[in-house]
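Visitor: I would like a close look at one part of this model, namely its salt bridges. Could you walk me through them and set them against the rest of the chain?

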Amino acid sequence: MAKAKRAIRFAEKEYQENLDRARDLSTLGAAIVASFEEKNSLDQEDIKKLDKVEKLAKGIRRAAGGSEDDSEMEKPPTDMNAAVKMLGDLSHSLKEKVEKTPKHVISAAVIDEANVLLELIRIVRILPSKV
């Protein structure tokens, strides 16, 4: 009986951590967008936030049952302005999907969205950082 309770507590803790990751990711995504809108470029601090977003997205994907998967975006953004806006939108959308996903569910939607966000981060890194 104690083993089952421990497993339930562990699963609950994992679920809470994933919700926290999703909320942090959404907050960072919004901060990157706001910073970019203010300066029309990404500075070193924004790049650090982008690294954190990447780490959080990978954690969310892993918790949702996903693993490494290089997915190609159907219509990748071609300029930094569009890419940063998409980053903000995806960060928020991913948070909402994680919040709506019940515990113990492998969510293809969360995994797919995390993969798209990770691909977008790669694109943001290669685009010119100034507009």
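**Salt bridges and their surroundings**

Guide: Happy to. Of the 131 residues in the chain, 40% are buried. Please keep in mind as we go that this is a predicted model.

A little orientation will help before the charged pairs. The chain has four helices and zero strands, and read from the N terminus its elements follow the order α-α-α-α. Its C-alpha trace spans about 60 × 25 × 20 Å along the principal axes.

Now to your salt bridges: the structure holds twelve of them. As a general matter, side chains of opposite charge can pair when their charged atoms come close. Let me take you through three pairs and then a network.

The opening stop is Glu17 with Lys13, a salt bridge in which the closest N and O atoms are 3.2 Å apart. Both Glu17 and Lys13 sit in helix α1, with their positions four residues apart in the count, about one turn of the helix. How open are these two side chains to the surroundings? Glu17 counts as partly exposed because its relative accessibility is 30%, and Lys13 counts as partly exposed as well, at 48%.

Next comes the salt bridge between the side chains of Asp46 and Lys39, at 3.6 Å from N to O. Here the two partners fall into separate classes of accessibility: Asp46 has a relative accessibility of 2%, so Asp46 counts as buried, whereas Lys39, at 36%, counts as partly exposed.

The third pair is Arg125 and Glu54, whose side chains meet in a salt bridge at 3.1 Å, N to O. This pair links distant parts of the chain, since Arg125 belongs to helix α4 and Glu54 to helix α2, 71 residues apart. Arg125 is partly exposed, as its relative accessibility is 37%. Glu54 is at 15%, and because buried means under 20%, Glu54 counts as buried.

Beyond such pairs, there is a network to look at: Asp20, Arg23, Lys95 and Glu99 are joined into one by salt bridges that share partners. Asp20 also gives us a handy reference point for Arg62, a residue of helix α2. Arg62 and Asp20 are 42 residues apart in sequence, and their C-alpha atoms are 14 Å apart in space. With a relative accessibility of 59%, Arg62 counts as exposed.

Some charged residues gather in another way. On the surface, Lys3, Lys5, Arg6 and Arg9 form a patch of positive charge. One of them, Lys3, lies in helix α1, which covers residues 2-39. Lys3 counts as exposed because its relative accessibility is 66%.

Let us set the charged residues beside the nonpolar interior. In soluble globular proteins, nonpolar side chains tend to be buried together. In this model the largest nonpolar core has 32 residues, and Leu25, Leu94 and Leu117 are the ones that touch the most other members. Helices α1, α2 (44-63), α3 (80-100) and α4 (108-126) each contribute at least two residues to this core. Helix α4 gives the most, with nine residues. Recall that α4 is also the helix of Arg125, the partner of Glu54 in α2.

One more place deserves your attention, the loop between α1 and α2, where Asn40 is found. What is notable about the backbone of Asn40? Its phi is near 55°, a positive value in a residue other than glycine. For context, most residues other than glycine have a negative phi. Asn40 is partly exposed, with a relative accessible area of 41%.

Leu42 lies in that loop between α1 and α2 too. Is Leu42 buried or exposed? Leu42 is buried, because its relative accessible area is 10%. Leu42 and His92 are 50 residues apart in sequence, and from C-alpha to C-alpha they are 19 Å apart in space.

To gather the charged pairs together as you turn the model: Glu17 and Lys13 pair within α1, Arg125 and Glu54 link α4 with α2, and Asp46, which counts as buried, meets Lys39. To these you can add the network of Asp20, Arg23, Lys95 and Glu99.

How values were computed
Residues numbered from 1 in each chain as written. Predicted model: local features only at pLDDT ≥ 70, side-chain atom pairs only at ≥ 80, totals over all residues. Heavy atoms only, no water. Patch = residues over 30% accessible without salt bridge, like charges linked within 9 Å, V, L, I, M, F, W, Y side chains within 5 Å. Areas by Shrake-Rupley, 256 points an atom, 1.4 Å probe, with all protein chains shown as cover. Salt bridge = Lys/Arg side-chain N within 4 Å of Asp/Glu carboxyl O. Lys, Arg positive; Asp, Glu negative; His and termini not counted. Charge placed at Lys NZ, Arg CZ, Asp CG, Glu CD. Buried < 20%, exposed > 50% of the residue type's maximum accessible area, 1.4 Å probe, protein only. Core = buried A, V, L, I, M, F, W, Y, C linked by side-chain atoms within 4.5 Å.
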